[in-house]
Amino acid sequence: MKKQITQKNEILQLGITGGIGTGKSTVCKIFETLGIAVYDADIRAKMVMVTDNILKKELKKAFGEEVYLSENEINRDYLVKTVFSNQTDNSKVEILNSIVHPAVGRDYQNWYNENKDKSPYLLKEAALMFESDSYKVLDAIIVVHAPLEERIKRVLKRDSHRTEEQVKAIISKQMPENEKLKRADFVIYNDGSHSLIEQVLKLHEKFQSLS
Ligand SMILES: CC(C)(COP(=O)(O)OP(=O)(O)OC[C@H]1O[C@@H](n2cnc3c(N)ncnc32)[C@H](O)[C@@H]1O)[C@@H](O)C(=O)NCCC(=O)NCCS
Ligand SMILES: Nc1ncnc2c1ncn2[C@@H]1O[C@H](COP(=O)(O)OP(=O)(O)OP(=O)(O)O)[C@@H](O)[C@H]1O
């Protein structure tokens, strides 16, 4: 643990971030079993991409009608190819983010209002936290960290539809790990040699005592 928290919100709100395959969702499952409400930005982003009509219009304008298979279904393969295939060109992913992230920010505020009385503190899980500026409204950020080779192995085992090259392309669109570690308030090491449960329990005690 690095810093003390200077709480700016009425209810303590923590962010959990880390690159693809670092173990954010695994860590969040442990917090959920402890009764903590967790907002999953990946899942909610996919939801707003099919429910928010203004966002849908913007996506079609930016990437073409083929971005949707139907009104309620994103053309995932097309979008992955369009935004992630070129490791050196970030322009497409930046357009996608500029359309999706403000809508996710609004959705988080609604979720916060619905959940603030249900949990001693709240967690927001997002792969892109520093990249999307969403960290600014949170009280502190936990970074989940795992070695690169381990992450690639875990993702390939979890997602049979992805190739190693595709995983590396996604990683190339995310903030470098050392930059995230520098900006972290707390770090959870998921390298196989530190106990995840023990690390989560320690943080849980700390957050409960503050909330
Ligand atoms: C590009 C899409 C269609 C790929 O879908 P797919 O089912 O293959 O992957 P999934 O959503 O499970 O994401 C897997 C991982 O890719 C990474 N990732 C997702 N979106 C982004 C992005 N815009 N930039 C960098 N990495 C990303 C994250 O680590 C994520 O956990 C989808 O991720 C998407 O719609 N992204 C835009 C929404 C977004 O930015 N989500 C990230 C958190 S807010
Ligand atoms: N310590 C570990 N040992 C072995 N496997 C692990 C460990 N931690 C996580 N995993 C596995 O690695 C995969 C990636 O973990 P997880 O889905 O939690 O990562 P994530 O950071 O949420 O990924 P994404 O950014 O893609 O959503 C999962 O299949 C998970 O079960």
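Here a visitor asks a guide how the labels on this predicted model are earned.

Visitor: Why is K24 called buried?

Guide: Count its neighbours. K24 has 26 C-beta neighbours inside 10 Å, and the cut-off for buried is 20 or more, so K24 counts as buried. K24 sits in helix α1, which covers residues 24-33.

Visitor: What makes T26 partly exposed?

Guide: T26 also lies in helix α1, but its count is 14 C-beta neighbours inside 10 Å. Exposed needs 12 or fewer and buried needs 20 or more, so T26, with 14, lands in between and counts as partly exposed.

Visitor: How do you know which residues K24 touches?

Guide: You check which C-beta atoms lie within 7 Å. Leaving out residues up to four places away in sequence, K24 touches I16, T17, G18, E125 and V144.

Visitor: What does the UniProt record say about K24 and T26?

Guide: An unreviewed UniProt entry has a "binding site" annotation that covers G21, T22, G23, K24, S25 and T26. Bear in mind that such annotations may be inferred rather than shown by experiment.

Visitor: Which residues come closest to ligand 2?

Guide: K24, S25, T26, R154 and R158 are the closest of the 15 residues that surround ligand 2. Helices α1 and α6 (148-158) each supply at least two residues of that shell. Sorted by class, the shell around ligand 2 has three nonpolar, eight polar and four charged residues.

Visitor: And what surrounds ligand 1?

Guide: There are 22 residues around ligand 1, and I20, A41, A45, A127 and K173 come nearest. By class, this shell has 16 nonpolar, two polar and four charged residues. Helices α2, α4 (76-84) and α5 (91-115) each supply at least two residues here.

Visitor: How do you know that β1 and β5 pair?

Guide: Look for bridges. Pairing takes at least two bridges, and four bridges join β1 (residues 13-17) to β5 (residues 122-125). That clears the cut-off, so the two strands pair. They run parallel, and one example of a bridge is Q13 with its partner L122 in β5.

Visitor: What is the order of the strands in the whole sheet?

Guide: Five strands make an open sheet in the order β2-β5-β1-β6-β7, with parallel pairing.

Visitor: What makes β2 and β7 the edge strands?

Guide: Each of them, β2 (37-40) and β7 (186-189), pairs on one side only. Ignoring direction, neighbouring strands in this sheet are turned by 25 degrees against each other on average.

Visitor: Where do helices meet the sheet?

Guide: Helix α1 lies across β1, β2, β5, β6 (140-145) and β7, and runs at about 165 degrees to β5. Helix α2 (residues 41-51) packs on the sheet too, touching β2 and β5, and its direction makes about 55 degrees with that of β2.

Visitor: Let's try two loop residues. Is N75 buried, exposed or partly exposed, and why?

Guide: N75 is in the loop between β4 (73-74) and α4. It has 17 other C-beta atoms within 10 Å; buried takes 20 or more, and exposed takes 12 or fewer. So N75 is partly exposed. Not counting residues up to four places away in sequence, N75 touches E66, V67, Y68 and L69.

Visitor: Why does A184 count as buried?

Guide: A184 is found in the loop between α8 (177-183) and β7. Its 23 C-beta neighbours inside 10 Å meet the cut-off of 20 or more, so A184 counts as buried.

Definitions and conventions
Residues numbered from 1 in each chain as written. Chains lettered and ligands numbered in written order. Predicted model: local features only at pLDDT ≥ 70, side-chain atom pairs only at ≥ 80, totals over all residues. Contact = placed C-beta atoms within 7 Å. Near = placed C-beta within 6 Å. Nonpolar A, V, L, I, M, F, W, Y, C, P; charged D, E, K, R; others polar. Axes fitted to C-alpha atoms, helices over the stretch in contact; angles between N-to-C directions.
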